[in-house]
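Biologist: Please pick one part of this model and take me through it closely. Short sentences, please.

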Amino acid sequence: SSRFGSSRFSRTRWIPASDFTAASPPALPTSAAAAMSMKYLGAYLMAVIGGNEAPSSDDVKAILEAGGIECDAAMLGTVISKCEGKTVHELIAAGHGKFAACGGGGGGGGGG
């Protein structure tokens with residue numbers, strides 16, 4: 001018998017898509033809400049790379065909206081206030097230690 005005509009595959013029961021129901025997503029923990037601020041930091045850094053050393057809320061909002069991303073004014077205000085008075089280099093240095101706590105990915109297995 002062929003690879004796809006074996007009895008193992010002929011007994012497969014197909015489940016129609018209508019049998020699946022969408023479950024509501026779990027509530028985000030507080031730390032996940034803080035992690036969502038990464039889009040604001042990304043837009044902030046894009047503004048800095050573009051030559052604006054101290055982007056305002058309006059600058060960051062314009063970048064997000066240009067990408068079709070919704071902007072939460074409260075979250076953006078928090079991010080901007082935490083970045084005020086700091087250079088990007090200081091922000092990266094402060095955050096680098098936090099990323100170390102995440103660990104690194106394992107290397108892929110060698111083929112052979």
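**A close look**

Modeller: T87 is partly exposed, because its relative accessible area is 40%. The scale is simple: buried is under 20%, exposed is over 50%, and partly exposed is in between, using a 1.4 Å probe and protein chains only. This is a predicted model, so local features need pLDDT of at least 70, side-chain atom pairs need 80 or more, and totals for chains, interfaces and linings use all residues. Residues are numbered from 1 along each chain as its sequence is written, and side-chain values use heavy atoms, without hydrogens or water.

Where does T87 lie? T87 is in the loop between α5 and α6 (88-100). Its C-alpha is 9.6 Å from that of V48, although 39 residues separate the two in sequence. Just after α5 comes G85, with a positive phi of about 80°.

Now step back along the chain to helix α5, residues 73-83. Helices here are DSSP runs (H or I, at least four residues), numbered from the N terminus, and strands would be E runs of at least two. D72 caps the N-terminal end of α5. One of its side-chain oxygens lies 3.1 Å from the backbone nitrogen of A74. A polar contact is an N or O pair within 3.5 Å, with one atom able to donate a hydrogen and the other to accept it; neighbours in sequence count only if both atoms are side-chain atoms.

Which residues of α5 are buried? They are L76, V79, I80 and C83. Seen down the axis of α5, these buried residues fall within an arc of 95°, so they line one face of the helix. The arc is taken from the directions that run from the axis to the C-beta atoms. On the face turned away from the buried side sit the exposed residues A74 and K82.

M75 also belongs to α5. M75 counts as partly exposed, because its relative accessibility is 21%. Its C-alpha is 8.2 Å from that of Y40, and the two are 35 residues apart in sequence.

Y40 leads us to helix α3, residues 38-49, which packs with helix α4, residues 57-66. Their angle is about 105° and their axes are 9 Å apart. That makes α3 roughly perpendicular to α4. The classes are under 35 degrees for roughly parallel, over 145 for roughly antiparallel, 65 to 115 for roughly perpendicular, and oblique for the rest. Axes are fitted to C-alpha atoms over the stretch in contact, with angles from 0 to 180 degrees between N-to-C directions.

From α3, the contact (heavy atoms within 4.5 Å) uses K39, Y40, A43, Y44, M46 and A47. From α4 come V60, I63 and L64. By class, this contact has 8 nonpolar, no polar and 1 charged residues. M46 is in α3 and counts as exposed, because its relative accessibility is 54%. M46 and V60 are 14 residues apart along the chain, with 8.5 Å between their C-alpha atoms.

Finally, the whole chain. The protein chain has 6 helices and 0 strands. Buried residues are 13% of its 112 residues. Of its contacts with a separation of 6 or more, 49% join residues 24 or more positions apart.

How values were computed: Ala, Val, Leu, Ile, Met, Phe, Trp, Tyr, Cys and Pro count as nonpolar, Asp, Glu, Lys and Arg as charged, and the others, Gly among them, as polar.
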